[in-house]
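Me: I would like to learn how to read a protein model step by step. Could you take me through the features one at a time?

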Amino acid sequence: MIKILLVDDHEMVRLGVSAYLSAQPDMEVVGEAESGEKGVELALQLRPDIILMDLVMEPMDGIEATKQIISAWPEAKIMIVTSFLDDDKVYPAIEAGAVSYMLKTSKASEIANAIRATFHGQSVFEPEVTGKMMSSRRKQSLPHEQLTSREMEVLLLMAQGKTNQEIAEELFISLKTVKVHVSNILAKLDVQDRTQAVIYAFKHGLVK
């Protein structure tokens with residue numbers, strides 16, 4: 001049996017979730033908490049397999065409760081179940097130690113399956129949350145990863161010391177087009193001139 005603790009300040013939500021999960025043959029709701037403080041207390045007292053944690057609660061929210069639980073019990077498996085997809089909720093919750101993140105709008109069966117997966121050591125994220133995380137990773141990519149293949153060709157020729165005219169002749173493009181590529185390269189690499197762009201290329205191993 002997967003032992004579950006529910007932490008949510010809405011009684012009707014706890015009643016509905018508890019009833020559904022208790023009807024599952026492999027799950028048992030061992031406790032319910034109406035606040036973050038009570039959630040921390042019961043989590044450390046009951047040591048459930050999974051903690052379903054709401055986020056927006058007062059005075060202690062789910063993020064702080066998650067931090068305190070993980071601090072005292074690092075092995076705890078906390079699944080966020082909330083209505084919020086804001087960046088100031090998703091990332092802090094994951095950083096606090098939550099291993100899964102689902103929305104209350106998910107189907108009950110999806111949440112149940114997420115609980116099972118989390119119990120078996122997997123991390124489960126609502127598709128919209130996964131999209132946010134992938135977008136965040138893209139934003140954190142290195143500047144040169146934003147360059148097009150043509151811009152990368154131009155940068156490498158710049159690193160070889162070629163002038164704009166020489167680059168134009170080698171790539172069979174106009175001088176004006178080369179200048180546009182150079183301008184885009186400087187902007188994407190966030191450098192001031194060609195020299196800094198070439199230094200960037202060598203520093204990041206782009207030049208063999």
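**Reading helices, a sheet and loops**

Reply: We can begin with a pair of helices, keeping in mind that this is a predicted model. The axes of helix α2 (residues 36-46) and helix α3 (residues 62-72) come within 9 Å and cross at roughly 20 degrees. Angles under 35 degrees count as roughly parallel, and therefore α2 is roughly parallel to α3.

Me: Which hand does the crossing of α2 and α3 have, and which residues of α2 and α3 meet?

Reply: The crossing of α2 and α3 is right-handed. On the α2 side the meeting residues are G36, G39, V40, A43 and L44, and on the α3 side they are A65, Q68, I69 and A72. Sorted by class, the residues of this contact between α2 and α3 comprise six nonpolar and three polar ones, with no charged residue.

Me: How should I read the sheet, and in what order do its strands lie?

Reply: To read a sheet, follow the strands across it from one edge to the other. Here five strands form an open sheet, in the order β2-β1-β3-β4-β5, and their pairing is parallel. The edge strands, each of which pairs on one side only, are β2 (27-33) and β5 (100-103). From one strand to the next, the twist averages 25 degrees.

Me: How many bridges join β3 to β4, and which residue of β4 is the bridge partner of I51?

Reply: Strand β3 (residues 50-53) and strand β4 (residues 78-82) run parallel and are joined by three bridges. The partner of I51 in β4 is I78. Helix α3, which we met above, packs on the sheet and touches both β3 and β4, while its direction makes about 160 degrees with that of β3.

Me: Where is P59 found, and what kind of peptide bond joins E58 and P59?

Reply: For a residue in a loop, it helps to look at the backbone angles as well as the position. P59 lies in the loop between β3 and α3, and the peptide bond that joins E58 to P59 is cis, with omega at about -5 degrees. Another loop, between α8 (164-171) and α9, holds F172, whose phi is near 60 degrees, a positive value in a residue other than glycine.

Me: At what angle do α7 and α9 pack?

Reply: Helix α7 (residues 149-159) and helix α9 (residues 175-189) pack at about 90 degrees, and their axes are 10 Å apart. Angles of 65 to 115 degrees count as roughly perpendicular, so α7 is roughly perpendicular to α9. The contact is formed by R150, E151, V154, L155 and M158 from α7, together with H181, V182, N184, I185, K188 and L189 from α9. Its residues divide into six nonpolar, two polar and three charged.

Me: How do α9 and α10 cross, and is the crossing left-handed or right-handed?

Reply: The axes of α9 and helix α10 (residues 194-203) come within 10 Å and cross at roughly 60 degrees, and the crossing is left-handed. V182, L186 and L189 of α9 make the contact with R194, A197 and Y200 of α10. By class, five of these residues are nonpolar, none is polar and one is charged.

Me: Which domains does the domain assignment give, and what distance separates their centres?

Reply: The assignment divides the chain into domain 1 (2-137) and domain 2 (143-204). Taken over C-alpha atoms, the centres of domain 1 and domain 2 are separated by 49 Å.

Terms used:
Residues numbered from 1 in each chain as written. Predicted model: local features only at pLDDT ≥ 70, side-chain atom pairs only at ≥ 80, totals over all residues. Heavy atoms only, no water. Axes fitted to C-alpha atoms, helices over the stretch in contact; angles between N-to-C directions. Helix = DSSP H or I, 4+ residues; strand = E, 2+ residues; numbered from the N terminus. Parallel < 35°, antiparallel > 145°, perpendicular 65-115°, else oblique. Left-handed = near helix turned anticlockwise from the far one by under 90°. Contact = heavy atoms within 4.5 Å. Nonpolar A, V, L, I, M, F, W, Y, C, P; charged D, E, K, R; others polar. Domains from an automatic or database assignment. Pairing = 2+ DSSP bridges.
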